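Welcome! Please take a moment to turn the model around before reading on.

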Amino acid sequence: DLCAALSLALQFPAGCNVYVTAAGQNCSNPVHTDHHDILVMQTQGSKRWRIFWPPLHVPGCDPFSRGKGGDLLHEKDLHSVLCVTLHPGDMLYVPAGFPHATDTQLEKGLPSKSVSSGRFSYRYAKSS
């Protein structure tokens with residue numbers, strides 16, 4: 001129901017994922033890029049997000065799938081855009097192709113729970 005409502009409200013196809021991460025995790029998700037824009041809504045606990053500028057193009061590497069399938073990205077090679085900790089009620093937008101990583105290392109209580117909606121902006125165009 002959430003995905004259908006979001007797609008209707010925003011007038012574009014949207015998918016949803018729910019992420020639950022235990023408190024105190026040094027790395028809940030290593031640095032990677034996604035092929036879709038992300039809108040994250042934190043619902044419980046907290047999660048730190050580190051966002052980086054897109055890396056230089058590497059021939060043979062999909063810029064929207066970096067950090068996956070053996071194509072590793074390392075934070076030391078990237079330039080930071082934002083480091084922010086989300087708390088319940090906070091939202092964050094991450095554009096497609098922007099490397100990002102998450103952790104819950106500062107959280108000591110409840111697990112982190114968030115809902116993430118993906119938008120395939122570079123593949124979608126609404127017809128008139």
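The paragraphs below go through the sheets, then two pockets, and then two buried side chains.

Keep in mind from the start that this is a predicted model. A good place to begin is the sheet whose strands follow the order β1-β8-β3-β6. It is an open sheet of four strands, and the pairing in it is antiparallel. Look for its edges at β1 and at β6, which covers residues 91-94. Each of these two has a single partner strand, so one side of each is left without a neighbour in the sheet. On average, neighbouring strands here are turned by 20° against each other, with direction ignored.

Now follow β1 along its partner. β1 and β8 run antiparallel, and eight bridges join them. To find a matching position across this pair, start at C16: opposite this residue, in β8, stands S117.

The other sheet to find is also open, and its four strands come in the order β2-β7-β4-β5. Here, too, the pairing is antiparallel. Its edge strands are β2, at residues 29-32, and β5, at residues 80-86, and each of them pairs on one side only. From one strand to the next, the twist averages 15°. Between β2 and β7, the latter made of residues 100-103, there are two bridges, and these strands run antiparallel. One position to look for is H32, which stands opposite H100 in β7.

Those two histidines lead on to the pockets. Which residues are closest to the centre of the largest pocket? They are Y19, N29, H32, W49 and H100, out of 16 residues that line this pocket. The space in the largest pocket comes to about 240 Å³. Strands from both sheets take part in its lining: β1 (14-21), β2, β3 (37-44), β4 (47-52), β7 and β8 (112-119) each supply at least two residues. The biggest share comes from β1, which gives three residues. Sorted by class, the lining of the largest pocket holds 10 polar residues, four nonpolar and two charged ones.

The second largest pocket has a volume of about 150 Å³. Its lining includes W53, P54, P55, L56 and V58, and also R66. Further along the chain, L72, L73, H74, D77, L78 and H79 line this pocket as well. By class, this lining divides into eight nonpolar residues, two polar and two charged.

Finally, have a look at two side chains in the strands. R50 lies in strand β4. Is R50 buried or exposed? R50 is buried, because its relative accessible area is 12%, which is under the 20% limit. The side chain of R50 has polar contacts to two acidic partners that you can pick out in the model. One contact, of 2.7 Å, joins R50 to the side chain of E75, and another, of 2.6 Å, links R50 with the side chain of D103.

The other residue is T21, which belongs to strand β1. With a relative accessibility of 12%, T21 counts as buried too. The side chain of T21 makes a polar contact of 3.3 Å with the side chain of K47.

Methods. Residues numbered from 1 in each chain as written. Predicted model: local features only at pLDDT ≥ 70, side-chain atom pairs only at ≥ 80, totals over all residues. Heavy atoms only, no water. Pairing = 2+ DSSP bridges. Axes fitted to C-alpha atoms, helices over the stretch in contact; angles between N-to-C directions. 1 Å grid on protein atoms, 1.4 Å probe; cavity = no way out; pocket = protein on both sides within 12 Å on 5 of 7 lines; lining within 4 Å. Points joined across faces, edges and corners; volume = space filled by probe spheres on them. Nonpolar A, V, L, I, M, F, W, Y, C, P; charged D, E, K, R; others polar. Buried < 20%, exposed > 50% of the residue type's maximum accessible area, 1.4 Å probe, protein only. Polar contact = N/O pair within 3.5 Å; in protein donor to acceptor, adjacent residues only side chain to side chain.
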